[in-house]
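Welcome to this short tour. Keep your viewer open and have the selection tool at hand.

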Amino acid sequence: HFAFKRKEAVVSTQSTGAEQILNRYRTPGQAAPSTEDVQWRTYLRSVNEAALCLQEEIIANPVDGNIGLIFGIGHCPQRGGPFQFLDTYGAQSFVDKMHRYEEQLGFRFEPAEIVIDYAKSGKKFMH
């Protein structure tokens, strides 16, 4: 939250409303996540959403998903898109990591069924 005075920005304290929202979701004794952990959580959710789009036939194929995320929302092009990432990182490794987060943080980290199926079969998204 910023408060502007003249030509300089002054960072002020959080609003009371924001603090109340944060307090509702805090777990007593829970440490703040590391930067790396926040990066993984954010990235894995993005990849999982792309997989859900394929699973639900919102996109026709993995290539469309890669192109859409790279050009549409600025997904990191060096990774080749979410489906290239799944093939490189490994569907099973992805599912395992998602399940670890699911145990800690709940249903938001439930891996897409299509990724679980690919992990079981050893199939790749990109050919």
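Before the first stop, one cut-off will help: a residue is called exposed when its relative accessible area is over 50%, buried when that value is under 20%, and partly exposed in between. By that rule Phe-71, with a relative accessible area of 71%, is exposed. Keep in mind throughout that you are looking at a predicted model.

**The whole chain**

Start with a cartoon view and color by secondary structure. You should find two strands and six helices, arranged along the sequence as β-β-α-α-α-α-α-α. Now switch to a surface: about 8900 Å² is exposed, and 54% of that comes from carbon and sulfur atoms. Of the 127 residues in the protein, 30% are buried. As for the contacts with a separation of 6 or more, 53% are between residues 24 or more positions apart.

**Stop one: a patch on the surface**

Select Val-63, Ile-67 and Phe-71. Together these residues form a nonpolar patch on the surface, with about 330 Å² of accessible area. Phe-71, the exposed residue from the opening, sits in helix H3, which spans residues 62-73.

**Stop two: a charged pair in H2**

Next, show the side chains of Asp-37 and Arg-41. They meet in a salt bridge, with 3.0 Å from N to O. A search of the whole structure finds one salt bridge. How far apart are Arg-41 and Asp-37 in helix H2? They are four residues apart in H2 (residues 35-55), which means a separation of about one helical turn. In general, an α-helix has 3.6 residues a turn, so residues three or four places apart point the same way. Is Asp-37 buried or exposed? At 17% relative accessibility, Asp-37 counts as buried.

**Stop three: the loop after H2**

Move on to Glu-57, in the loop between H2 and H3. Check its backbone: phi is near 60°, a positive value in a residue other than glycine. For background, most residues other than glycine have a negative phi. Glu-57 is also exposed, with a relative accessible area of 70%.

**Stop four: His-75 and its surroundings**

Select His-75 in the loop between H3 and helix H4 (82-89). Despite the loop setting, His-75 counts as buried, at 6% relative accessibility. Which residues does His-75 touch, not counting residues up to four places away in sequence? They are Tyr-43, Ser-46, Leu-69, Ile-70, Gly-81 and Pro-82. Add a distance label to the side chains of His-75 and Tyr-43, where a polar contact of 3.3 Å joins the two.

**Stop five: two cysteines**

Highlight Cys-53 and Cys-76. Cys-53 is partly exposed, with a relative accessible area of 25%, and Cys-76 also counts as partly exposed, at 30%. The structure holds zero disulfides.

**Last stop: helix H6**

Finish with H6, residues 113-121. Show the side chains of Ile-114, Val-115, Ile-116, Tyr-118 and Ala-119, which are buried in this helix. Which helices should you turn on to see what covers them? The cover includes H2, H4 and helix H5 (91-105). Then step past the end of the helix to Gly-122, which follows H6 and has a positive phi, near 80°.

Note on methods: Residues are numbered from 1 along each chain as its sequence is written. Side-chain values use heavy atoms; hydrogens and water are left out. Buried means under 20% relative accessible area, exposed over 50%, partly exposed in between (1.4 Å probe, protein chains only). Contact means heavy atoms within 4.5 Å. Accessible areas come from the Shrake-Rupley method with a 1.4 Å probe; for residues, only the protein chains shown count as cover. A salt bridge is a side-chain nitrogen of Lys or Arg within 4 Å of a carboxyl oxygen of Asp or Glu. Patches are made of residues with over 30% relative accessible area and no salt bridge: like charges are joined within 9 Å, nonpolar side chains (Val, Leu, Ile, Met, Phe, Trp, Tyr) within 5 Å. A disulfide is a pair of cysteine sulfur atoms within 2.5 Å. A polar contact is a pair of N or O atoms within 3.5 Å; within protein, one must be able to donate a hydrogen and the other to accept it, and residues adjacent in sequence count only if both atoms are side-chain atoms.
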